[in-house]
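Colleague: I am new to this structure. Please take one sheet, look at it closely, and then follow the contacts outward from there.

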Amino acid sequence: MTTFSDPYASSRETTEGTVFSVTGGDWDSLVTEIGATKEERVVVNMGPQHPSTHGVLRLVLELEGETVTELRCGVGYLHTGIEKNAEYRSWTQGVTFVTRMDYLAPLFNETAYCLGVEKLLGITNDVPERASVIRVMMMEFNRISSHMVALGTGALELGALSPMIFCFREREKVLDVFELIAGLRMNLAYVRPGGVAQDLPAGALPKLRETVKELRRDFKDNDKLLIGNTIWMKRTEGIGYLDLAGCTTLGITGPVLRSTGMPWDLRKLQPYSGYENYNFDVVTADTCDVYGRFLIRMNELEQSLRIIEQCIDKLEKLEGAPVMVADKKIAWPAQLALGGDGLGNSLDHIREIMGTSMESLIHHFKLVTEGFRVPAGQVYSAVESPRGEMGVHLVSDGGTKPYRVHFREPSFNNLQATAAMCEGSLIADIIGAVASIDPVMGGVDR
Amino acid sequence: MSDHGMFGAKGSGDTSGYGGLVRSAASTGSSERPYGGYFDDVADDLERAYPDFADAIERVVVDRGELTLHVKREKLVEVAKILRDKLLFEMCLGVSGVHYPADVNRELHAVYPLLSMTHNRRVRIEVSIPDSDPHLPSLVEVWAGNNWNERETFDMFGIIFDGHPGLTRILMPDDWRGHPQRKDYPLGGIPVEYKGATVPPPNERRSYR
């Protein structure tokens with residue numbers, strides 16, 4: 001075989017066969033050379049790259065022509081050691097870490113973690129109702145923003161550019177809501193053990209109602225673009241097939257599981273944070289394919305809006321109620337205020353601890369530097385995140401820091417289904433299948 | 001629980017009373033019947049379906065509304081198969097390793113949360129193994145979805161899952177040394193300068209344990 005001097009498509013011999021390195025530009029020399037090998041089976045390395053906003057994923061494909069015969073995933077490129085790091089910080093500081101795992105669903109990470117800490121502390125029933133309602137509302141807003149990325153980038157990956165523009169427009173509105181309430185747009189660290197970091201700002205509820213109205217109106221644009229669209233249907237119907245048996249054995253949850261017709265939603269079946277008090281439907285499909293998962297996400301948006309509206313009604317009635325447990329030994333830092341430059345210490349609180357009460361200062365100092373103690377034991381708590389069951393396994397040794405924090409990330413488990421969905425299909429359909437799993441690599445690799 | 005060094009700070013200049021305090025996670029004893037809720041049903045069903053129950057289950061712990069079955073390593077696969085086939089725990093939600101260096105000859109624990117979608121129940125299996133012989137039978141043949149989770153636990157804790165189809169590192173690089181989430185593996189980090197003062201890395205900071 002001749003050696004090529006093509007800078008974009010060089011080749012070298014290995015024990016496994018000829019390896020071609022393609023870096024873009026001119027593919028002609030590659031085509032000529034592969035044509036000369038007379039072998040149908042090619043191993044292609046896809047990635048590690050950033051497929052839209054999913055994070056860095058690497059797929060190793062074995063191809064026969066255009067058909068995928070074997071697929072393997074390579075993950076770990078975004079590993080940040082969050083679980084290990086959390087063992088060296090107080091229980092409250094842990095929130096700031098876990099919110100950064102699945103960066104498209106920060107509030108679910110936080111809530112799962114805080115529900116676990118509260119279970120360990122035995123204060124699950126002491127969390128004020130207003131705090132739970134705010135948590136539910138924030139989670140449902142977050143579900144919308146996460147689904148918007150899933151739908152927008154999923155469509156983008158299949159070549160439909162317009163839905164992405166619309167989806168990000170809607171997501172922006174949700175992020176504005178986060179900014180209004182928590183001061184931050186992503187990685188909020190808003191949910192804290194015992195409640196939430198701070199109450200809603202004055203005049204937030206009318207603004208939220210307005211946002212819900214706008215979202216409901218604007219979601220229609222996406223419906224019109226994609227539902228029933230011939231090209232979209234051809235790219236998604238019957239693609240990425242995974243039935244119920246496959247889902248259970250692979251531990252798949254979330255929209256992928258619900259696309260098999262199984263109405264499995266922890267919000268309904270194992271309610272937490274008072275989800276049993278809301279009216280909403282569990283959306284399912286029975287097609288087991290990419291189109292079914294897409295429809296589920298589209299329809300879950302409306303269900304989330306329904307829950308948010310009920311939350312706003314409840315919050316109106318609960319005006320002025322506490323948003324943090326009454327136990328001052330745990331409730332930190334409930335004295336934050338939203339300033340012009342973001343979330344910071346409340347000036348009233350600073351005035352109190354620095355000027356009037358030495359006991360308050362001591363208490364504040366102890367709580368901030370030392371944190372609170374959590375009785376020894378282990379718990380598992382789970383919430384229904386946009387991607388499935390987000391579980392957290394917490395172990396305490398009775399100290400002020402977690403002994404072990406482990407996250408059962410839905411993206412991590414669901415990504416295992418890629419091979420089952422794609423082997424035997426065309427290479428172009430991998431993209432749709434991976435997009436329908438909606439993995440967020442920050443969550444996969446933690 | 002072993003507490004020592006409660007008073008008299010050494011080295012750190014910490015006079016809060018907590019300097020050098022060492023705690024180890026307490027292993028709670030087993031619970032007595034009735035366990036409450038569906039836990040009795042699960043235990044009864046398992047006893048009926050599995051004649052070796054008394055031999056295989058070391059203890060049953062009910063804590064904070066959760067049921068934990070401590071299973072002997074030799075019986076893990078048998079118990080898992082019974083739980084899946086007879087008690088309909090169709091889903092295994094992964095495996096979480098925990099390292100208890102103070103728990104001599106049972107240093108490494110593997111914790112499997114199980115979910116029964118048919119009965120809407122949860123149960124947890126826990127297996128403890130010595131650090132000197134960190135082998136566990138793989139559950140991939142029972143729940144295929146445990147594949148990556150077992151690789152992760154191997155990666156982070158060095159637990160070797162015998163019978164796993166391809167036990168390699170998954171999150172850390174292939175040539176990494178050590179298992180990062182074990183307690184004897186240092187966190188590491190570098191000191192950071194902030195406004196003229198130096199903040200030490202988190203594992204070297206004055207800490208309240």
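Modeller: Strand S11 (residues 388-396) of chain A is joined to S12(A) by five bridges, and the two run antiparallel. Helices (H or I, at least four residues) and strands (E, at least two) are DSSP runs, numbered from the N terminus. Strands pair if DSSP finds at least two bridges between them. Across from A:His393, in S12(A), stands A:His406.

This is a predicted model; local features need pLDDT of at least 70, side-chain atom pairs count only at pLDDT 80 or more, and totals for chains, interfaces and linings use all residues. Residues are numbered from 1 along each chain as its sequence is written, while chains are lettered from A and ligands numbered from 1 in the order in which they are written.

Now the whole sheet. It is open, has three strands in the order S10-S11-S12 (chain A), and pairs antiparallel. Strand S10 (377-385) and strand S12 (404-408) of chain A are its edges, and each pairs on one side only. On average, neighbouring strands are turned by 15° against each other, direction ignored. Axes are lines fitted to C-alpha atoms, for helices over the stretch in contact, and angles run from 0 to 180 degrees between N-to-C directions.

What packs on this sheet? Helix H4(A) does, touching S10 and S11 of chain A. Its direction makes about 150° with that of S10(A).

Follow that helix. H4 (residues 106-121) of chain A also packs with H5(A), at an angle of about 145° and with the axes 8 Å apart. On the H4(A) side, the contact is made by A:Pro106, A:Leu107, A:Phe108 and A:Thr111. H5(A) brings A:Arg135, A:Met138, A:Met139 and A:Asn142. Contact here means C-beta atoms, placed from the backbone, within 7 Å. By class, these residues are five nonpolar, two polar and one charged. Ala, Val, Leu, Ile, Met, Phe, Trp, Tyr, Cys and Pro count as nonpolar, Asp, Glu, Lys and Arg as charged, and the others, Gly among them, as polar.

Stop at A:Asn142, in helix H5 of chain A. Is A:Asn142 buried or exposed? A:Asn142 has 26 C-beta neighbours inside 10 Å, so it counts as buried. The cut-off for buried is 20 or more other C-beta atoms within 10 Å; exposed is 12 or fewer, and partly exposed lies in between. Beyond its neighbours within four places in sequence, A:Asn142 touches A:Ala105, A:Pro106, A:Leu107 and A:Phe108. A:Ser304 is 162 residues away in sequence, yet its C-alpha is 9.3 Å from that of A:Asn142.

H5 (residues 129-157) of chain A also feeds the largest nonpolar core. That core has 163 residues, and A:Tyr190 and B:Leu114 have the most contacts inside it. The largest share, 15 residues, comes from H5(A). A nonpolar core is a set of buried Ala, Val, Leu, Ile, Met, Phe, Trp, Tyr and Cys residues joined through C-beta atoms within 7 Å. Neighbours within four places aside, A:Tyr190 is in contact with A:Leu107, A:Glu110, A:Met138, A:Ala182, A:Val196 and A:Ala197.

B:Leu114 leads to chain B, which has 37 residues in contact with 39 residues of chain A. Strand S3 (91-92), strand S4 (96-99), strand S5 (108-116) and helix H4 (146-157) of chain B each give at least two residues to the side that touches chain A. That side has 21 nonpolar, nine polar and seven charged residues.

For comparison, look at another sheet in chain A. It is open too, with three strands in the order S3-S4-S5 and antiparallel pairing. Strand S3 (41-49) and strand S5 (67-74) stand at the edges with a single partner strand each, so one side of each has no neighbour in the sheet. Here the average turn between neighbouring strands is 20°, direction ignored. Seven bridges join S4 (residues 57-64) of chain A to S5(A). A:Leu61 has A:Leu71 as its bridge partner, and A:Leu63 has A:Val68. S4(A) and S5(A) form a hairpin with two residues between them, and A:Gly65 in the turn has a positive phi of about 65°.

Chain B has a hairpin as well. S1 (residues 57-63) and S2 (residues 66-71) of chain B pair antiparallel over six bridges. B:Ile57 is partnered by B:Val71. Two residues lie between the strands, and B:Arg64 in the turn has a positive phi of about 50°.

Notes: Contact = placed C-beta atoms within 7 Å.
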